[in-house]
Amino acid sequence: MAAISVFMATPVARLTTTPSSSRRNINFAVVRCMSQDQQPSTDTSKTPAAPTPPPKKVSTKFSDVLAFSGPAPERINGRLAMIGFVSAMAVELTNGQDVFAQISHGGVSAFVATSLVLSLASLVPLFKGVRAESKSSGLMTSDAELWNGRAAMLGLVALAFTEYVTGSALI
């Protein structure tokens, strides 16, 4: 949808000058360009900027933190996927075992232990009201962590699917 520009001239002041020989009236006008949706403002004085609202208090309720759209599920799943993908590739490089062989040879207990430790470590700051977005700066940002986690989730599924179809380890 395109915006239509509207030019409006608003009279601002009338200046009367009195030089020694003649009297002259000068009219000044302000020309504003605005989209058609906006209403013209008749006040020509500068309005002070509205004060910034205080930062919104984050909820630390269990149901809010672990809600489907809450801060915990995707972040924790992404962290687990990053560790799982790197671990699966490292074991595959060292022992030559595919993902399914790793799971059947004691991988489930290692996965459960890692999941518990990492989930608890991720939930403690969230229940204290600290969010990853407030602590991220520079190269390692919270958005980069989310995207890396998403890539690791897809990579782990692709690794398992590829090894299932081929019937052998990827490497």
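Buried means under 20% relative accessible area, exposed means over 50%, and partly exposed lies in between (1.4 Å probe, protein chains only). The model is predicted: local features need pLDDT of at least 70, side-chain atom pairs count only at pLDDT 80 or more, and totals for chains, interfaces and linings use all residues. Residues are numbered from 1 along each chain as its sequence is written, and side-chain values use heavy atoms, with hydrogens and water left out.

**Exercise 1.** Find which side chain meets Glu-74 in a salt bridge, and state whether each partner is buried, partly exposed or exposed.

*Solution.*
- Step 1. A salt bridge is a side-chain nitrogen of Lys or Arg within 4 Å of a carboxyl oxygen of Asp or Glu.
- Step 2. The side chain of Glu-74 meets that of Arg-150, at 2.4 Å from N to O.
- Step 3. Glu-74 is in helix α2 and Arg-150 in helix α5, so the pair ties together parts 76 residues apart in sequence. Helices here are DSSP runs (H or I, at least four residues), numbered from the N terminus.
- Step 4. Arg-150 has a relative accessibility of 28% and counts as partly exposed. Glu-74, at 32%, is partly exposed as well.

**Exercise 2.** Determine which residues are linked in a network of salt bridges.

*Solution.*
- Step 1. The whole structure holds three salt bridges.
- Step 2. Glu-145 pairs with Arg-75, with the closest N and O atoms 2.7 Å apart. This pair links helix α5 to helix α2, across 70 residues.
- Step 3. Glu-145 also meets Arg-79, at 2.4 Å from N to O. Arg-79 lies in helix α2 and Glu-145 in helix α5, so this pair ties together parts 66 residues apart in sequence.
- Step 4. The network therefore consists of Arg-75, Arg-79 and Glu-145.
- Step 5. Arg-75 is buried, at 10% relative accessible area. Arg-79 is partly exposed at 22%, and Glu-145 is partly exposed at 21%.

**Exercise 3.** List the residues of the largest nonpolar core and the elements that give two or more residues to this core.

*Solution.*
- Step 1. A nonpolar core is a set of buried Ala, Val, Leu, Ile, Met, Phe, Trp, Tyr and Cys residues joined through side-chain atoms within 4.5 Å.
- Step 2. The seven residues are Val-65, Ala-72, Ile-76, Leu-80, Leu-118, Leu-123 and Leu-126.
- Step 3. The elements are α2 (72–95) and α3 (99–127).
- Step 4. Leaving aside residues up to four places away in sequence, Ile-76 touches Ser-119, Ser-122 and Leu-123, where contact means heavy atoms within 4.5 Å.
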